[in-house]
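User: Could you walk me through how to read the packing in a model like this one? I would like the general idea and then the case at hand.

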There are 2 protein chains.
Amino acid sequence: MPKRRLMTPGPTQVPEPARLAMARQVIHHRTPEFRAVFAEVLLGLKYVFQTENDVLVLTSSGTGAMEAAVVNVAPRGSKVIVLESGVFSRRWAQISERFGIQAVRHAVPWGQAIEPADVERLLAEHPDTVAVLGTLMESSTGVGHDVQAIGEMVAKTDALWVVDAISGAGAMQCLTDRWHIDVLVVGSQKALMTPPGLAFLAVSDKAWRQVERATPQAFYFDLKFHRDKIHGAAGSDTPWTPAHTLIAGLGESLKQIRAEGIEAVWANSALLARATRAGVQAMGLEVFAARPAEGMTAVRFPAGIDGKAFLKRLEARFGVKLAGGQLELDGQIFRLAHFGLVDELDIIATLAAIELVLDEMGHAVTLGTAAAAASRVIQGKPADADK
Amino acid sequence: MPKRRLMTPGPTQVPEPARLAMARQVIHHRTPEFRAVFAEVLLGLKYVFQTENDVLVLTSSGTGAMEAAVVNVAPRGSKVIVLESGVFSRRWAQISERFGIQAVRHAVPWGQAIEPADVERLLAEHPDTVAVLGTLMESSTGVGHDVQAIGEMVAKTDALWVVDAISGAGAMQCLTDRWHIDVLVVGSQKALMTPPGLAFLAVSDKAWRQVERATPQAFYFDLKFHRDKIHGAAGSDTPWTPAHTLIAGLGESLKQIRAEGIEAVWANSALLARATRAGVQAMGLEVFAARPAEGMTAVRFPAGIDGKAFLKRLEARFGVKLAGGQLELDGQIFRLAHFGLVDELDIIATLAAIELVLDEMGHAVTLGTAAAAASRVIQGKPADADK
């Protein structure tokens with residue numbers, strides 16, 4: 001069996017100190033000891049998200065936190081604008097409609113990015129919008145959005161800017177406060193290098209004022225219960241029993257991010273993104289996203305290659321696990337992450353593996369081209385050696 | 001710092017194979033490898049719960065699974081009967097009311113058990129009840145309920161029998177199918193010896209028929225999404241990214257339970273319950289619950305002892321962590337678990353520690369009495385040596 005190389009946009013590899021922390025014997029969570037760990041985690045999350053807003057920790061997947069965001073800010077019968085560019089941003093509309101909230105869907109073809117000007121127009125057409133629901137890194141297509149520009153449009157109105165950064169936060173620049181993000185939603189199993197099971201919300205004062213207006217269609221996900229507990233007299237706590245071994249692991253991964261510095265983390269993802277794109281293009285493949293995210297790259301399979309067979313072969317031959325496309329994109333693209341523990345050599349090796357398997361499957365490639373192009377980018381040289 | 005001895009009714013100690021499984025490097029969960037682990041876990045849960053019904057795995061605390069049970073079986077405007085005997089059964093009413101469901105509250109004083117005859121009367125008075133919401137082991141008071149007798153009453157009607165067995169399942173006998181439990185709710189961090197973060201629902205065919213009648217006030221917790229995924233063509237799966245490292249740990253703990261045999265696990269809890277009660281009573285203390293559960297014991301502090309100071313001292317001196325009382329019972333009782341990894345010597349040692357600290361605090365005890373009484377029960381001898 002080949003060595004495993006997990007290169008998917010979540011779950012992602014977890015550093016050893018985090019894994020060992022999660023193997024420690026369980027302690028009780030209603031203790032000063034847990035509250036100290038939790039307080040450090042909240043500080044670390046604020047740093048990664050670049051926010052002074054309240055950060056809340058839910059025990060759920062990212063979808064649970066998306067639901068929490070929607071049902072707390074948008075009462076039944078209210079209106080939201082959904083910026084739909086893939087599987088995950090479409091989920092905003094599905095959640096909203098399930099709870100009787102009107103979703104004005106603005107959909108672009110998958111692989112395209114939302115234009116900030118369209119958001120401005122939609123807000124003018126729908127002045128009763130309570131929230132605009134969008135995505136930082138749409139991980140089904142590899143698109144990275146201009147969250148800052150959209151945030152500036154939304155900030156001029158009473159609407160809230162609610163951003164799914166489940167896989168994006170920590171994988172690419174995200175300045176929550178400066179970009180006017182009112183509710184940021186993040187998952188543990190992506191750039192935060194922790195197993196799945198935790199999700200986070202950063203909630204602005206503007207959002208809290210909206211939350212205060214109604215009783216939410218929520219109990220487990222009632223954000224006011226969470227807010228009260230993080231500001232508890234005895235220290236920060238959670239309203240329900242949290243997945244506290246995962247919180248202990250997260251604490252270790254956050255230490256690693258803080259030691260590296262969040263700007264360095266973003267710069268690393270951005271460099272690996274450029275190297276990946278150079279390598280992919282050197283093989284003659286096409287980057288799928290019109291506006292690629294810095295945390296991941298989606299690539300269209302070349303004509304004549306059976307995408308599913310390719311991914312199976314890549315895993316069987318080299319242990320490299322990439323993600324395929326979802327729903328309409330099934331068999332059309334592959335998706336590759338460059339955040340978290342992924343480094344330069346992982347990218348070079350993955351590109352080489354892709355090239356080798358394409359070669360085996362009869363696709364015309366010149367072996368070594370992708371690694372060479374990526375190496376030149378990593379070294380700060382032009383991607384194409386002939387230039 | 002003294003050796004730690006976690007004796008609370010959740011979280012509970014996690015066996016080493018489970019802890020090591022959770023420290024393994026993360027794998028992707030949309031794989032045959034994860035589905036094989038998940039399928040084994042579902043079989044193990046069915047065995048522990050003694051059910052052929054669908055078992056669903058949520059990534060949430062037990063409260064999340066309680067909400068899932070309520071919102072899936074009871075549409076807005078419908079009526080449920082809540083059997084309220086403590087903090088946790090009261091939560092059934094809070095959740096129901098939050099979602100616009102009428103909760104007929106039948107409350108008994110804390111420490112008392114619900115009488116099955118009262119449930120029969122309430123069902124006759126409220127023939128439009130869609131569900132009766134109760135508790136196996138009310139862990140705030142230590143009461144164990146006659147879930148079987150209540151189930152027989154409920155089974156004669158169209159209502160569903162929904163049981164919070166979050167801490168009870170695996171800690172005391174629970175025959176889901178034979179006792180007509182339509183929705184069983186269980187948490188990972190109690191007798192299943194896994195950290196918090198997972199919750200389970202066992203759903204009967206009668207319950208599914210009710211679930212089918214309406215679209216639930218739920219998305220993340222929509223049980224139909226979960227049902228469709230566990231019966232997926234490629235094998236059992238989850239609709240949202242699950243806390244899969246916790247599932248891997250749970251798999252190991254379930255192996256341990258299966259190796260021991262569920263009847264032996266229940267018998268062990270029952271024996272430890274009798275030993276604990278004998279030891280407590282030998283010290284002249286009073287068991288709080290009128291109908292004590294087999295998985296835990298709640299004990300009233302003797303007059304003149306400051307309960308909070310006692311618990312602090314017990315932990316500082318011997319590392320023994322017991323739970324105090326909640327809300328109205330704060331400072332009135334302590335609570336002690338005897339399920340999971342807790343064994344005979346843990347109980348004897350804990351009773352001795354309680355006795356020693358009571359002695360230090362000036363309460364009249366004869367040192368060794370509690371250990372002697374518990375030892376006699378463990379050995380199958382009368383609790384009182386003089387008899």
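Analyst: Happy to; we will go from the two copies to the domains and then to a pair of helices. Keep in mind that this is a predicted model.

User: Let's start with the copies. How is chain A laid on chain B, by what turn and what shift along the axis?

Analyst: The general idea is that two copies of a chain are related by a rotation about an axis and a shift along it. Here, a turn of 180° with a shift of 0.0 Å along the axis lays chain A on chain B, and the RMSD is 0.0 Å. That is why the relation is that of a two-fold axis.

User: How many residues does each chain bring to the contact?

Analyst: Chain A gives 39 residues and chain B gives 39 residues. On the side of chain A that touches chain B, the elements giving two or more residues are helix H1 (16–23), H3, H4 and helix H9 (244–260) of chain A. Sorted by class, that side of chain A holds 17 nonpolar, 18 polar and 4 charged residues.

User: What percentage of the interface residues of chain A are also interface residues in chain B?

Analyst: The figure is 100%, so the copies meet through the same surface.

User: Now inside one chain. Into which domains is chain A divided?

Analyst: Chain A has domain 1, spanning 16–259, and domain 2, spanning 262–378. Their C-alpha centres are 28 Å apart. To the contact, domain 1 of chain A brings 24 residues and domain 2 of chain A brings 23 residues.

User: Which elements give two or more residues to the domain 1 side?

Analyst: They are helix H2 (32–49) and strand E7 (143–144) of chain A. By class, the side of domain 1 of chain A that touches domain 2 has 12 nonpolar, 11 polar and 1 charged residues.

User: Finally, the helix pair. At what angle do the axes of H3 and H4 of chain A cross?

Analyst: Helix H3 (residues 62–73) and helix H4 (residues 87–98) of chain A cross at roughly 55°, and their axes come within 10 Å. That angle makes H3(A) oblique to H4(A). As for handedness, the crossing of H3(A) and H4(A) is right-handed.

User: Which residues meet there?

Analyst: From H3(A) come A:Thr63, A:Met66, A:Glu67 and A:Val70; they meet A:Arg91, A:Trp92, A:Ile95 and A:Ser96 of H4(A). The residues of this contact between H3(A) and H4(A) split into 4 nonpolar, 2 polar and 2 charged.

Technical notes: Residues numbered from 1 in each chain as written. Chains lettered and ligands numbered in written order. Predicted model: local features only at pLDDT ≥ 70, side-chain atom pairs only at ≥ 80, totals over all residues. Axes fitted to C-alpha atoms, helices over the stretch in contact; angles between N-to-C directions. Helix = DSSP H or I, 4+ residues; strand = E, 2+ residues; numbered from the N terminus. Parallel < 35°, antiparallel > 145°, perpendicular 65-115°, else oblique. Left-handed = near helix turned anticlockwise from the far one by under 90°. Contact = placed C-beta atoms within 7 Å. Nonpolar A, V, L, I, M, F, W, Y, C, P; charged D, E, K, R; others polar. Least-squares fit on C-alpha atoms with pLDDT ≥ 70 in both. Domains from an automatic or database assignment.
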